[in-house]
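Trainee: I would like a close look at a single part of this chain, followed by whatever helps to place that part in the whole. Please keep to what can be read from the atoms and the record.

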Amino acid sequence: MFMILGHSYSNLCLVVFVLVFTATCFSSQVEGGDDDGRHNSVTLSSFTYATTLLKPYEWRYISVDLPPWFSSVTIDLESNVGLNLKSIGKVSTLPMICFREGSPPLPDVYNTSLTGLVIDHISNSSFGGSLDLQIVEKCYPMQKSIFLTLTNEQISPGIWYFGLFNGIGPIRTQSKMINRGHSYSFSGNITVEGCTNSAMLGKFCNQTISLLSCLDTYISSESGIGSRSYNITAANVTPCGGTEDSCLDVAGSKVYSLDVVSIAEELIITALNITFTQSQHSNGTISSSGISLMCYVRHGAIPLPQVYDYSSDINRTPLVIPLPRLGRWYIKIQPANLSESMVVVQEMITTICYSLEWQVLRCPADKAGLNCTSAKYTLQTFLRKNPSVAFESYYLPISREASSNSANFPLGLLLSNSSDGDMRNYTWTFFLLDIPYAAAGGNIHVRLTSDAKISGEIYARYGGLPSLSNWDYFYANSTSNCNGSMFFKIHDASDKSISFYIIYARGGTWSFGLRHPISDRHSLTVETIMSISLERCPQKCSSHGTCQSVLDASGLTFYSFCACGRRYGGFDCSIELVSSSGHMWQSITLIASNAAALLPAYWALRHKAFAEWVLYTSSGISSGLYHACDVGTWCALTFHVLQFMDFWLSFMAVVSTFVYLAAIDEVSKRTIHTVVAILTALMAESGPTRSSNIILVVAIGTVGLLIGFLVEFFTHHRWISFPTEICLNMLNRWETVKAWIHNFIRSLLKRFRWGFLLAGFTALAMAATSWRLETSQNYWIWHSVWHVSIYTSSFLFLCSKAAAVNCENEQPQSENYELARQNSFSGNNERDGR
């Protein structure tokens, strides 16, 4: 017995051990293996966006902050958009999603074709990593379902913006009377995954990163590393750097990261003291000079052999990066892929060791350029006094030449007077400024005015100094500039004046380089004024609109946009959409078309239908006042009150017309009117401009007419009660039913003047058609037709009403006949009383 129990116990322990071991191995394969490495990642943030409705030409921005240690971001969006990419119509009405790094996307800066639109389904492969989405953007048609997982090998850390647009173009910012078009809703979730260890990065957080530091006290082991690069020498630079010894397999690689924290002129990377370990089976010898050690460098993300910013064989020549951007640079070292003739060499080498040396060369605080001879000024931020919106400021150099009371400062003595080496008679002067990261929805405004012809050129770059070959935006003259790029807009370009905007500039450090002839400094008789400012809305919306400021859907960024007037549109309200005379005629047409309300009002007053007269008159007056306010002529009350009164009274007038056609008693009318008043008030308050309202109002009126007619009919015609013996006779019963149906049809035919009734329905159909054809561009035409059609249909419906007829008798009883009957009855009663 004990043996059996002991044997069973030992088997049980063995089973438990096997299960635990299997579970542990499986868990290690799923969670701990180097194949995915997901055990090293953790959820950094997760945002869920509730269902949001986008009406025609509305938009929403969503921002997501990706820290340097993020591994992937998952975007899951659901919408009710159903697009066929093979039959896309106008781009201006196309629902789309746009992506941009650092600041909100703006696909309609120019009234031209959308260069950033990709007519294809968005997927993970849409982000290859080689496109700088700061100075450009990518847009895709909105899809019913979007699921993306973007890794740190595809996009860089920082703040990314997603813009969802339901139509673009100049009319997007135009103040429109009523938006007609398709609306769509979206909801979604954005989740950011990050690595738990800052020394581990990569798609699955399984790539070890060696963090490099830049020491100011570092002295290169090989004197003259700086002399290899252009004209920079130790006499006029402040270098920092370091070195690190590493070894790697011939088929392996190693990744480093280096932070550039201040404006620098060069970043130099080289490999020293390269050695290798030969295989035990190798018989020959190999020189270290025959080894190719490739260095791939990328800003903000781990480089790949196919995606990188710079590359070089650092065993042969140092890798020199001129004017590197601020931020984190990733360096990947790996032996080059050897050709077929070098396969033997590759088999002979097992390990390569080297000393990686890096240097960041910087000029003194007031100097810049590749030879540190150009002047550099750090601009100080001054907030505007009593700004109309937040985050408006201007920038001035820290010197006695500029006054803080004005955004302008004279260039004069600020200009450099020595050549930078690119051309003998030209030099550079640099200006640096910082933009708050929360103000990424602002616009940099640069102006340059002079008494004489301006001979200089302006170059702008984010995160680093600009040059002739390395810039984000530039203006040389009226024919050579960046005008037409996605986020560069010239406002003024003449011989003596330059004014341009960088739209929705990214938060961080911006550098502006003024390339000018050296002789300009000595032209003291010519005064040149420069100003750099951060404005929320370009040109204050060109005096044709108001500047609105809101937070994005994430609540992280404060951005602004122009709400233009009736006649203008565009991101800065500079595009005239309607001429002054055209706007005048549109206003007259919309207001005067309400005079059609006089037709039903006159009919109601003549027939002493005073309640209907009040409704038609009030509806016409309210509609005229509403459109007078809507077109910007005159507002008697607030816009919301006028809009509510217009739609509510219009709904009431339509329904009351149908109710009036039914000759029912006043008690029933008051009941129906009360119910209708409540329903139409709710419709006018909750969603007055919905296209479904016209169908709902006509349906309510039809139901009211039907109820009223049935009440009227059954008041005059009773149901015929059948005795039992007659009910058994089906033939007599069918004759009775046929007689009742015949009586009903005769009553219906004599109830209306059918010519007027059919004309009324035709006018009502015209009103419904005009409502359906309304767009933002032709609203004034079709809505004026709507006014005339709906009031004309009411007038025709009123005219279609005939006198009530009792069809049990051929002719309606006259008053004299009724009076004679009453006298006859009274005489009989008197005789009976005697």
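Mentor: Leaving out residues up to four places away in sequence, Tyr 310 touches Cys 295, Tyr 296, Val 297, Leu 319, Ile 321, Pro 322, Trp 329 and Asn 470. The model is predicted. Tyr 310 belongs to strand S15, which covers residues 310-313. One of its contacts, Ile 321, is eleven residues further along in sequence, and the two C-alpha atoms are 7.5 Å apart. Despite this list of neighbours, Tyr 310 is not classed as buried: its relative accessible area is 25%, so it counts as partly exposed, given that buried requires a value under 20%.

The partners Leu 319, Ile 321 and Pro 322 lead on to Leu 323, in the loop between strand S16 (319-322) and strand S17 (327-335). Leu 323 is not a glycine, yet its phi is positive, near 50°. Most residues other than glycine have a negative phi. With a relative accessibility of 5%, Leu 323 counts as buried.

A positive phi also occurs at Lys 608, again not a glycine, with a value of about 60°. Lys 608 is likewise in a loop, here between helix H4 (598-606) and helix H5 (610-630). Its relative accessibility is 64%, which makes Lys 608 exposed, whereas Leu 323 is buried.

Further along the chain, Thr 680 sits in helix H7, residues 666-686. Thr 680 has a relative accessible area of 0% and is therefore buried. Its side chain has two polar contacts with backbone oxygens: that of Val 676 at 2.7 Å and that of Ala 677 at 3.3 Å. Beyond four places in sequence, Thr 680 touches Trp 648, Phe 651 and Met 652. These three partners fall within residues 648-664, one of the ranges that UniProt, in an unreviewed entry, gives as "transmembrane region".

The other ranges with that feature name are 694-714 and 754-773. Over residues 754-773 the model is 100% helix and 0% strand, with the end C-alpha atoms 28 Å apart. Those residues correspond to helix H11 (754-773). Trp 754 is found in this helix; at 34% relative accessible area it is partly exposed.

Trp 754 is also part of a nonpolar patch on the surface, together with Ile 741, Ile 745, Leu 749 and Leu 758. The accessible area of the patch is about 470 Å². Helix H10 (730-751) and helix H11 each supply at least two of its residues, and H10 gives the largest share, three residues.

As for the whole, the protein chain has 13 helices and 34 strands. It has 834 residues, of which 47% count as buried; Leu 323 and Thr 680 are among the buried residues. Of the contacts with a separation of 6 or more, 76% join residues 24 or more positions apart. The chain exposes about 40700 Å², and carbon and sulfur atoms supply 58% of that area.

How values were computed
Residues are numbered from 1 along each chain as its sequence is written. This is a predicted model: local features need pLDDT of at least 70, side-chain atom pairs count only at pLDDT 80 or more; totals for chains, interfaces and linings use all residues. Side-chain values use heavy atoms; hydrogens and water are left out. Helices (H or I, at least four residues) and strands (E, at least two) are DSSP runs, numbered from the N terminus. Buried means under 20% relative accessible area, exposed over 50%, partly exposed in between (1.4 Å probe, protein chains only). Contact means heavy atoms within 4.5 Å. Patches are made of residues with over 30% relative accessible area and no salt bridge: like charges are joined within 9 Å, nonpolar side chains (Val, Leu, Ile, Met, Phe, Trp, Tyr) within 5 Å. Accessible areas come from the Shrake-Rupley method with a 1.4 Å probe; for residues, only the protein chains shown count as cover. A salt bridge is a side-chain nitrogen of Lys or Arg within 4 Å of a carboxyl oxygen of Asp or Glu. UniProt positions are given in the numbering used here, feature names are shortened, and annotations may be inferred rather than shown by experiment. A polar contact is a pair of N or O atoms within 3.5 Å; within protein, one must be able to donate a hydrogen and the other to accept it, and residues adjacent in sequence count only if both atoms are side-chain atoms.
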